[in-house]
Amino acid sequence: MAEDICTDRPLFGGSISSTFPVRFQDVSNVRQVPDHQEAFVDPSRDESLIFELLDLKPDVNDNGSAVWFLQDLANEQDAQGFTLVEQSGVVEVPIGNVSVVVTTAIGKMGVSKARQGREAQNVVQVYLANLRLKNVGTDVLVVAYEPVLISPLSESAATVGAGLPAPAAQSGFLPMAEVFKLAVSNFKVNDWSLFGN
């Protein structure tokens, strides 16, 4: 097994926490991140992990909600060649004393970095979990990005190299699928007042 050091990390001022590797750096130390997001990146691998709080989408069914959010994300990012790889059924898990509906989906898509054009698109595998906190009217998204193929024209190529990235385990790191599972399974709400009344 890889020797990635993982720890419990505070999110949203400590109101929420999750566990994931310390190699993921807080993006807000580098650039502005919206208040409803917490974003972390491992620049040496071009992998990222994002926690997002959204108003509950009551018109989206629990079954397939992760797929709906993944397709919405692909549209928002003007992704090319979106393919759904896998989706889970509905699972109910306790978070504190509240039962929460959770669904997951995995997809592949071509996306460009912020200001780069389609010619610089990287192929990424995207892991998305939707935790439906219906008691506080919130859809929580946990999203993990793992590069599958890095374009030589992408700004990522200068740091990570173009082409196929080295497998995480080969580099001594947890694979992104494991990082994602760890972050989702260790998601905790420490202070429900974050969500208002």
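Asp8 is partly exposed in this predicted model. Its relative accessible area is 42%. The side chain of Asp8 meets that of Lys188 in a salt bridge, with 3.5 Å from N to O. Asp8 belongs to strand E1, whereas Lys188 sits in strand E11, which covers residues 188–189. The two partners are 180 residues apart, and the pair links distant parts of the chain. Lys188 is also partly exposed. Its relative accessible area is 35%.

In total, the structure holds nine salt bridges. Another of them joins Asp4 to Arg23. Here the closest N and O atoms are 2.7 Å apart. Asp4 lies in the segment before strand E1 (6–11). Arg23 lies in the loop between strand E2 (16–21) and strand E3 (25–26). The partners are 19 residues apart in sequence, so the salt bridge ties together separate parts of the chain. Asp4 is buried, at a relative accessible area of 15%. Arg23 is buried too, with a value of 12%.

Arg132 and Asp139 form a further salt bridge. The closest N and O atoms of this pair are 2.7 Å apart. Both Arg132 and Asp139 are buried. Some salt bridges share partners, and these join five residues into one network: Asp4, Arg23, Asp42, Arg45 and Glu47.

Glu146 presents another case. This residue is in strand E10, which spans residues 138–149. Glu146 is buried yet has no salt bridge. The nearest side chain of opposite charge is that of Arg45, 5.5 Å away. A salt bridge requires the nitrogen and the carboxyl oxygen to be within 4 Å. Arg45 is itself a member of the salt-bridge network, as is Glu47. Glu47 is in contact with Glu146. Beyond neighbours within four places in sequence, the other contacts of Glu146 are Val123, Val124, Gln125, Tyr127 and Met176.

Val123, one of these contacts of Glu146, also takes part in a surface feature. Together with Leu149 and Leu164, Val123 makes a nonpolar surface patch of about 270 Å². Val123 is in strand E9, which runs over residues 122–133. Val123 is partly exposed, with a relative accessible area of 30%. Val123 thus appears both in the patch and among the contacts of the buried Glu146.

Key: Residues numbered from 1 in each chain as written. Predicted model: local features only at pLDDT ≥ 70, side-chain atom pairs only at ≥ 80, totals over all residues. Heavy atoms only, no water. Helix = DSSP H or I, 4+ residues; strand = E, 2+ residues; numbered from the N terminus. Buried < 20%, exposed > 50% of the residue type's maximum accessible area, 1.4 Å probe, protein only. Lys, Arg positive; Asp, Glu negative; His and termini not counted. Contact = heavy atoms within 4.5 Å. Patch = residues over 30% accessible without salt bridge, like charges linked within 9 Å, V, L, I, M, F, W, Y side chains within 5 Å. Areas by Shrake-Rupley, 256 points an atom, 1.4 Å probe, with all protein chains shown as cover.
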